[in-house]
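Dear colleague,

I am handing over the structure we spoke about, and I would ask you to open it beside this message and follow along residue by residue. What I found in it comes below.

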Amino acid sequence: MQYVKLPCAENVPAMGQGTWFLGDDPTTRREEIAALQAGIERGLSLIDTAEMYGSGRSERLVGEAIADRRDNVFLVSKVLPSNAGRKRAIAACEASLQRLGTECLDLYLLHWQGGVAFEDTIAAFEQLQRDGKIRYFGISNLDIDAARDFHATPGGAAIQVNQLLYNLNQRGIEWDLLPWLQSQGIATMAYSPFDHASLLSHDGLQEFAAARDMTAAQAALAWLLGHDAVMPIPKSASADRVIENAGALEITLSRDDRATLDALFAPPQGPEPLQIY
């Protein structure tokens with residue numbers, strides 16, 4: 001297994017599972033639960049969800065999937081910016097915990113920056129920690145300036161991750177944000193690692209993968225896993241696809257491999273606006 005060490009010194013799985021859009025279709029609920037459980041069994045035991053996903057339906061699905069294996073899961077959820085104030089964040093977290101069927105989140109993230117002052121969000125996070133409802137907190141979709149501001153706010157240096165859109169097609173964070181996070185020891189949780197599946201049908205990536213006896217999905221994930229403190233969180237409603245994704249943990253790309261991918265997917269040549277899905 002591969003692990004990433006968070007600033008708190010805890011080792012967490014280097015690859016997890018996303019849940020955006022899971023739980024929306026009752027007819028696929030059983031398959032989605034089976035997919036999450038298949039991932040847990042193969043070491044993809046970090047599960048990321050959010051109160052926003054399906055207005056809580058994703059959290060309920062995750063709660064069902066982990067009901068008999070909560071101790072084996074590193075559980076992450078996110079609070080909407082509109083709920084990120086001192087009182088509203090506490091109420092939102094309590095609602096998430098109820099939907100998830102657990103007493104404590106391992107990691108609670110600000111989903112993106114809104115109008116609430118960072119001081120108020122941090123105060124709520126710290127209160128949730130004191131109350132035993134979350135263990136750690138972090139941020140999501142914050143660009144370099146916002147991430148620095150949050151980190152510089154009293155208490156903000158305790159962030160463990162910044163969850164960001166990052167994949168072979170979307171490499172803008174490599175210019176400044178990713179190096180800064182790495183310099184602070186803050187992990188990057190990479191969502192949409194297949195760029196909404198567009199990478200899976202990319203001719204160049206398919207050829208690259210086939211020549212190395214891997215799939216395009218495994219190549220895209222192995223590329224992310226090869227970065228320092230980057231944790232991809234692919235989402236899948238299929239147990240077979242989850243098993244395929246887990247195979248990326250056994251792949252190490254060579255320097256030549258990475259150079260080939262750089263030729264196919266150019267790194268940034270300057271600062272770029274943060275991309276968010």
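A good place to start is Ala239, which sits in helix H9, the helix made of residues 239-246. Please keep in mind throughout that this is a predicted model. Ala239 has a relative accessible area of 24%, and because buried would require a value under 20%, it is counted as partly exposed. If you set aside the neighbours within four places in sequence, the residues in contact with Ala239 are Ala34, Ala35 and Ala38. Asp143, on the other hand, is 96 residues away from Ala239 in sequence, and the two C-alpha atoms are 34 Å apart in space.

Next, the chain as a whole. It has 10 helices and nine strands, and its C-alpha trace spans about 55 × 45 × 30 Å along the principal axes. For 277 residues, a compact globule would be expected to have a radius of gyration near 19 Å, and the chain, with 18 Å, agrees with that. Of the 277 residues, 56% count as buried, while the surface that the chain exposes comes to about 11700 Å², with carbon and sulfur atoms supplying 46% of it. If you look at contacts between residues at least 6 apart in sequence, 77% of them join residues that are at least 24 apart.

Then there is the interior. The largest nonpolar core has 88 residues, and those that touch the most other members are Tyr108, Phe150 and Leu205. Helix H8, residues 216-225, gives the most to this core, namely nine residues. When residues up to four places away in sequence are not counted, Leu205 touches several others, among them Leu168, Leu199, Ala216, Ala219, Ala220 and Phe265.

Last come the aromatic rings, for which a search of the whole structure finds six pairs. How are the rings of Trp20 and Phe21 arranged? Their centres are 4.8 Å apart and their planes meet at 10°, and since planes under 30 degrees apart count as stacked, this pair is a stacked one. Trp20 and Phe21 also belong, together with Tyr53, to one aromatic cluster. Both residues of the stacked pair are partly exposed, Trp20 with a relative accessible area of 24% and Phe21 with 45% relative accessibility.

With best wishes

Key
Residues are numbered from 1 along each chain as its sequence is written. This is a predicted model: local features need pLDDT of at least 70, side-chain atom pairs count only at pLDDT 80 or more; totals for chains, interfaces and linings use all residues. Side-chain values use heavy atoms; hydrogens and water are left out. Rings of Phe, Tyr and Trp (its six-membered ring) pair if their centres lie within 6.5 Å; planes under 30 degrees apart count as stacked, over 60 as edge-to-face and the rest as tilted. Buried means under 20% relative accessible area, exposed over 50%, partly exposed in between (1.4 Å probe, protein chains only). A nonpolar core is a set of buried Ala, Val, Leu, Ile, Met, Phe, Trp, Tyr and Cys residues joined through side-chain atoms within 4.5 Å. Helices (H or I, at least four residues) and strands (E, at least two) are DSSP runs, numbered from the N terminus. Contact means heavy atoms within 4.5 Å. The radius of gyration is taken over C-alpha atoms; the globule rule is 2.2 Å times the number of residues to the power 0.38. Accessible areas come from the Shrake-Rupley method with a 1.4 Å probe; for residues, only the protein chains shown count as cover.
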